[in-house]
Amino acid sequence: MRDTRESRLLLVLLIAIAFALITVDIRGGEQSPLDGARQAAASVFGPVEGGVAQIVDPVGNAVGAVRDSGERHTRISRLEHENAALKAKLGSSDRHRSRAAQLDKLLKTAGTGQYGIKGAQVIAIGAAQGFSWTVTIDAGSRDGIARDMTVLNGDGLVGRVTTVSADTATVLLANDPDFAVGTRMEKTNEIGFGNGQGGRSLRVQLLNGRAAVKRGDRLVTFGSSADKPFVPGVPVGEVVKVEPSNGDLTRTLQVRPFVAFSQLDIVGVVVVPPRQDPRDTVLPPKPAKPKPTPTVTVTATPTPTASAPPRS
């Protein structure tokens with residue numbers, strides 16, 4: 001349609017009529033004379049409106065989902081952070097419990113042997129100190145630590161102090177090839193000398209080549225003059241193999257150490273030796289052997305049958 005004066009007048013007229021109808025409809029309320037026409041229009045255009053709504057509503061829902069997705073992402077992110085914090089807290093609690101258990105075991109061992117100890121924590125391993133098996137602890141001369149002091153934990157012999165600074169000390173571990181310690185067998189008191197073999201078991205040579213030794217026997221430290229570098233009675237390990245003597249003057253044993261050298265954390269340095277040799281008392285009690293289950297034997301005894309009366 002071309003934009004002419006007549007068309008503009010027609011448009012203005014239609015708008016005026018529309019406003020007039022709206023005014024009449026509003027003033028009439030429920031009794032509006034246009035109510036019938038409105039219902040008829042609703043019946044005609046209602047299905048069209050419903051179809052349009054079905055098309056538009058999913059789009060609106062999708063827009064709402066996109067809008068809410070940011071909130072859900074924030075909520076998920078917050079929950080993930082809270083979960084990570086909870087895991088860290090639980091891990092920290094587990095670590096504290098582990099350390100508390102180590103310290104408790106260390107104090108019991110020191111108390112049984114009457115060792116005066118200074119507690120310390122392993123803060124470094126020997127990679128920075130050459131190829132020897134050593135660790136660094138966070139206690140030094142200011143804490144009363146001196147060279148050639150015995151180091152132990154709740155399980156047994158860890159090693160000996162080799163170098164000391166004001167706040168730290170280096171400990172040569174018992175599994176180092178340069179490590180040597182005098183040992184005593186449990187019960188038999190057979191004396192020997194133990195050496196480290198790196199990651200393998202300790203090697204102990206008994207002075208008595210005919211000593212009666214079996215797998216499972218245990219050893220403790222023999223002790224040194226003036227209790228340096230070793231105090232007596234510290235658990236060393238358990239025999240896992242007895243090598244053939246072949247007529248040698250000594251007897252060689254392979255001994256599994258009680259201490260797990262790759263898991264060291266809390267240790268104690270013996271700063272006051274015991275007044276007397278504790279001998280075997282520091283060794284933990286051996287687990288009781290399981291009692292054999294008695295075998296139930298069932299014996300079947302035949303029931304005697306009644307004999308027939310004699311015939312007359």
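The paragraphs below go through a predicted model, from its overall make-up to its strands, its enclosed space and one ring pair.

The protein has 312 residues, of which 30% count as buried. Its secondary structure consists of two helices and 12 strands. Read from the N terminus, both helices come before the strands, in the order α-α-β-β-β-β-β-β-β-β-β-β-β-β.

Strand β1, residues 116-125, pairs with two other strands. One is β12 (residues 266-272), to which β1 is joined by six bridges in the antiparallel sense. Within this pairing, Gln121 has Ile266 of β12 as its bridge partner. The other is β2 (residues 134-137), which runs antiparallel to β1 and shares three bridges with β1. Here Ile125 stands opposite Val135 in β2.

Further along the chain is a barrel. Six strands close it in the order β6-β7-β8-β11-β10-β9, with antiparallel pairing. From one strand to the next, the twist averages 40°. As a general point, strands of a sheet pair through backbone hydrogen bonds, and the pairing is either parallel or antiparallel.

The barrel order can be followed through its individual pairings. Strand β7 covers residues 191-195 and strand β8 residues 202-206; four bridges connect them in the antiparallel sense. Asn195 has Arg203 in β8 as its bridge partner. The next step in the order is from β8 to β11, an antiparallel pairing with five bridges. In this step Arg203 stands opposite Gln254 in β11. Strand β10 is also antiparallel to β11, again over five bridges, and Lys241 stands opposite Gln254. Gln254 thus appears opposite Arg203 and opposite Lys241. Strand β11 itself (residues 251-257) is mostly covered, with six of its seven residues buried.

How many cavities of 30 Å³ or more does the structure hold? There is one cavity of that size, and the volume of the largest cavity is about 30 Å³. Its lining is made up of Leu157, Ala174, Phe179, Val181, Thr183, Gly194, Asn195, Leu202, Val204 and Val236. Three strands, β6 (180-185), β7 and β8, each supply at least two residues of that lining. By class, seven of the lining residues of this cavity are nonpolar, three are polar and none is charged.

The largest pocket has another make-up. Its space comes to about 330 Å³. The pocket is lined by 17 residues, and those closest to its centre are Glu186, Lys214, Gly216, Asp217 and Lys286. The pocket lining divides into six nonpolar, two polar and nine charged residues.

Phe179, one of the residues that line the largest cavity, also takes part in an aromatic pair. The count of such pairs is one. Phe179 and Phe230 form it, with 5.4 Å between the ring centres and 70° between the planes. The pair counts as edge-to-face because its planes are 70° apart and the cut-off for that class is over 60 degrees. The two residues are 51 apart and link distant parts of the chain: Phe179 lies in the loop between β5 (169-173) and β6, and Phe230 in the loop between β9 (218-221) and β10 (235-242). Both Phe179 and Phe230 are buried.

Methods. Residues numbered from 1 in each chain as written. Predicted model: local features only at pLDDT ≥ 70, side-chain atom pairs only at ≥ 80, totals over all residues. Heavy atoms only, no water. 1 Å grid on protein atoms, 1.4 Å probe; cavity = no way out; pocket = protein on both sides within 12 Å on 5 of 7 lines; lining within 4 Å. Points joined across faces, edges and corners; volume = space filled by probe spheres on them. Nonpolar A, V, L, I, M, F, W, Y, C, P; charged D, E, K, R; others polar. Pairing = 2+ DSSP bridges. Axes fitted to C-alpha atoms, helices over the stretch in contact; angles between N-to-C directions. Phe/Tyr/Trp six-rings, centres within 6.5 Å; stacked < 30°, edge-to-face > 60°. Buried < 20%, exposed > 50% of the residue type's maximum accessible area, 1.4 Å probe, protein only.
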